[in-house]
Amino acid sequence: MVSNTKDFQFACKLSSLQPNQPQTFEIEDRFVIVVLLNEQVFCIEDLCTHDGGTFGDSQLEGACIVCPRHGAKFDVRTGVATCMPATEATLSHVVKVEGDDVLVQLRDN
Amino acid sequence: MSTDIAANDSIGEINKYDFRTESKAVFKARKGVDAEIVNQISEMKNEPEWMRDYRLKALEIFNSKPMPSWGGSIDIDFQDIYYYLKPTDKQGRTWDEVPQEIKDTFDKLGIPEAEKKFLSGVKAQFESEVVYGSLKQDLSDQGVIFTDTDSAVREHPDLLREYFGTIIPATDNKFAALNSAVWSGGSFIYVPKGVKIEFPLQAYFRINAENMGQFERTLIIVDEGASVHYVEGCTAPMYSSESLHSAVVEIICKRGSRCRYTTIQNWANNIYNLVTKRAVAYADATMEWVDGNLGSKLTMKYPAVYMMEPGARGEILSIAFATKGQHQDAGAKLVHCAPNTTGQIISKSISKNGGRSSYRGLVKVEKGAKKSKSNVVCDALILDSKSRSDTYPYIEILDQDVSVGHEASVSRIGEEQMFYLMSRGLSEAEASTMIVNGFIEPLVKELPMEYAVEMNRLIQLQMEGSVG
Amino acid sequence: MTSLLTPTDKVGFNQVGFEQFLERRIDPIWITELRKQAWATFQSMDWPDARSENWMRSDLRGFKLDKYLPIDETEPQKVVGAPVRLIEGVDLGGSIRMDNGLATSEALDQKYAAKGVIFGSLSRCARDHADLVKKHLQKQIESGVDRFAALQTAMWTDGQFLYVPKNVVVDKPLHIECAMGDGSTDLSHTLIVLEEGAEATVLLESNSPNETSGGCHIGGVEMELGARSNLRFVGLQDWGNAAWHFAHKRARIGQDANIQWTIAAMGSRFAQVDQQVHLVGPGASSHVNGVLFTRGRQHITYNTIQRHAAPHCNSDFLYKAVLQDRSRTVWRGMIKVDVGADKTDGYQRNDNLLLSDQARADSIPGLEILADDVRCTHGSTSGRVDDELIFYAQSRGFTRAEAIRMIVTGFFQQIFDRITIESVREALGVAIARQVRQYD
């Protein structure tokens, strides 16, 4: 069975994050969205469950990232889908900040 | 684009805080869509501020979205269309101007006199009160709301606002955005818990020229255990002065409810018919779309059912008939979002005389939607070498514990079948008609009686035109 | 998408790398010209747009061309440890060994050579049999179809050329082994030409030293079948599961000719293969068998087209996929029937068996029919293994893994039955059984 827990891996520098600006980072060969919201760092999979595409240049609306293609929304804190046409949550990853390093523990399900 | 209506002196005195009073604005009908027109539409309808803001936001979304890169070829100058016309401004035509073949079709279909003039665009109004009047009381006694959407915004604001735009947000696609900005008319239906309406509710009941056609916005809420059948359109060819029709239909089927939405569309050959229709079905609810596409220059329409909770079911029956100069790009979407959901799509299409019929569909089973079952059958008849038939199905499976099947076939009328029927004394035309009628029988038998009769006659007409 | 070209002061798949590559080559002038044009095309294009139909389900962002270097053919290439699977017990008529896209050995039975059969390194044949190669090379794959095709056309290192003259029958199978080292590249090109009435069988396998090997393969295959010719072509792709694999494959089938094309895709981290069969002469026929068996985080995409450009043709594509772990398959199948292609018989089917909840199968069969006297059907099914079957096998003393292995083999049986080469059937069966994950 595929293991659910991995080590924490480096995603980006805290200082490179702008408040409320989602950015894409690569960890191993996966792509994640990292965003600084209300002084906390959150990380979700860079995947819109509606059409399987990436979030690309998207904006935050409140605590939700908005997919630029059809307007689906996901809460960056939990990955839960909050607006049609998406119905399924996207993966939410665990974040740990050590000094200026943002570390992410990638989840598989 | 200016969204500050108070700055636009040219349209007369408007107090933007005073939407509930009689509007004193002079509405100037002109082509094109921009913030001014959107504001005027909202103003004319006396809408609350939230709806006006919704429209304006949708307009921005419409402007920012690209045209779809798939489907039919859409050659529209968006600024060369009227997006809102009062009935008195609508361009009618005289009976003499109506093409002879339309008149012949009416006669053969047995369309009553009053309807003929309405359908052909000669008369702006259709007196449906007589038919509807007696049914209205019965419905309202049961707590059913059946009105046009404009009235619903004013008379049932909380109920409407709770659901409006939640199934199809303005961001969904370019034409949903357009509709969200300039919508007018359409039906609003609410069926209370446990109420089962026995007879079909027809769009005709509440139709009048003002809110029929271009940018209808329909919202149907079927509460727990209730059921309703809604029917719109007709088999007779429909004339419209405006060439872009873009409707949005949102349907919510709550636990244990049942809804069937039947459309027969036969728009005239100059019309782009680009529609977004989507339903969500909750636990043990069933949603059925019966979709007949016979007319228009280009139809793009993919009725969808999202099965959100266990036991939900979606069924879509689609028929498309494309003749010369037509492209029917239609289909269906089933999205299984919960375990133990079932779906079925049956699509029948016919292309003749250079027409092009395309099936475009999606079956998606999300992760966790265990024990879901879905089956799709697409059959296409291509009646001559000038015509074209396409099938573009998409199947996305994200859970293992499912059973999904899809089959499609394209062929022409079998020689053996023809031979058999002709050897029994039928002419080639009669034999073809019989076979085509048999081909679409699964859909026709689901239609209310008078539609079924008209449909059979219409097919006969279409087929006569193709042979000899 | 930002350019993935390296800064020009470092060698790679960039201007410096291309110029050095050209200097090392001993190509006829017409090939050098083709390469230069293709290089210009490569530089002018972007990587495929993620919004385009064929790429929207494939995430290319993890692919970094600058991690790879063009092969220096002046240095001997030898890949150690790559297995060879398709020759067990087979009496071969010829063989070519490729290491990192360069032919390192070639052999052809004298009796075929005497009849005019050519089977050897494409680079060498382009010099020794220039007219023949020039007539057919790069005629079916446009270099501008995407950036990968452009790069392949510009920088293919070597490959294989098979030429069978009129009415010659090569009755023993010809074998090609392509081995790619970990982190290395393979930009080889396969060109097969069968004249009227010719017959041949080609077994081509692609292997890496280990299951975990990486690398980058950008390949092209072109097959030209003259009237009444007959080709059986088997491709077994088993690159390591860190490898990137891009290929354009085309076959053009003439009047009354037939191709039996078997593909088994089991390896690579990411594969994007565009496979097209064009039936251009009346009575042409094609039978394609596809086996996709994925695991781990593999993402394999096959975009296939059956094109009926002539009447009375028959095409039959059967693709079966078994998915494990978090792997993903995307299968697109399009049957296109041109105006006038009457009496077309087209069939396509894709069956998917998912062995895990995290796997994903996308199936997109399609039809575009512009003739009326046709019969075209397609079907797709997706589902899981029947628990009862597993229970039954376990009650007969088999372990769960053994039971699944048998079920998977049974699932692929329909494909095996369509392969008329015994050794291939057996080798595939072994390769598949080995790949079934050990489930608890």
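**Exercise 1. Strand pairing between chains B and C**

Determine how many bridges join strand β18 of chain B to β19(C), and in which sense the two strands run.

Solution. In this predicted model, take strand β18 of chain B, which covers residues 388-397. Six bridges connect this strand to β19(C), and the two run antiparallel. For a specific pair, start from T391(B): its bridge partner in β19(C) is L367(C).

**Exercise 2. The contact between chains B and C**

Find which strands of chain C supply at least two residues each to the side that touches chain B, and which of them gives the most.

Solution. Begin with the totals: 32 residues of chain C are in contact with 31 residues of chain B. On the side of chain C, three strands each supply at least two residues: β18 (344-354), β19 (360-369) and β20 (374-384). With eleven residues, β20(C) gives the most. Then sort this side of chain C by class: 13 residues are nonpolar, eleven are polar and eight are charged.

**Exercise 3. The contact between chains A and C**

State how many residues each of chains A and C brings to their contact, and how the residues on the chain A side divide by class.

Solution. Chain A brings eight residues and chain C brings nine. On the chain A side, three residues are nonpolar, three are polar and two are charged.

**Exercise 4. The sheet of chain A**

Give the strand order of the open six-stranded sheet in chain A and identify its edge strands.

Solution. First count the elements: chain A has zero helices and ten strands. The sheet uses six strands in the order β1-β10-β9-β4-β3-β2, with antiparallel pairing. At the edges are β1 (8-13) and β2 (23-27) of chain A, each of which pairs on one side only. The average angle between neighbouring strands of this sheet, direction ignored, is 35°. Within the order, look at β4 (residues 40-45) and β9 (residues 92-98) of chain A: they pair in the antiparallel sense over two bridges. In β9(A), S92(A) is the bridge partner of I44(A).

**Exercise 5. Overall dimensions of chain A**

Decide whether the radius of gyration of chain A agrees or disagrees with that of a compact globule.

Solution. For 109 residues, a compact globule would have a radius of gyration near 13 Å. Chain A has 13 Å, so the value agrees. The C-alpha trace spans about 40 × 35 × 20 Å along the principal axes of chain A. Of the 109 residues, 37% count as buried. Among contacts in chain A between residues at least 6 apart in sequence, 41% join residues at least 24 apart.

**Exercise 6. Backbone details in loops**

Locate P85(A), E39(A) and K343(C), and describe the backbone at each.

Solution.

- P85(A) is in the loop between β8 (81-83) and β9 of chain A. The peptide bond leading from M84(A) to P85(A) is cis, with omega near 5°.
- E39(A) sits in the loop between β3 (30-37) and β4 of chain A. Its phi is near 65°, a positive value in a residue other than glycine. E39(A) has 6 other C-beta atoms within 10 Å, so it is exposed; the cut-off for exposed is 12 or fewer.
- K343(C) belongs to the loop between β17 (328-337) and β18 of chain C. Phi of K343(C) is near 60°, again positive in a residue other than glycine. With 16 other C-beta atoms within 10 Å, K343(C) is partly exposed.

Note on methods
Residues numbered from 1 in each chain as written. Chains lettered and ligands numbered in written order. Predicted model: local features only at pLDDT ≥ 70, side-chain atom pairs only at ≥ 80, totals over all residues. Contact = placed C-beta atoms within 7 Å. Helix = DSSP H or I, 4+ residues; strand = E, 2+ residues; numbered from the N terminus. Nonpolar A, V, L, I, M, F, W, Y, C, P; charged D, E, K, R; others polar. Pairing = 2+ DSSP bridges. Axes fitted to C-alpha atoms, helices over the stretch in contact; angles between N-to-C directions. Rg over C-alpha atoms; globule rule 2.2 N^0.38 Å. Buried ≥ 20, exposed ≤ 12 C-beta atoms within 10 Å, placed from the backbone.
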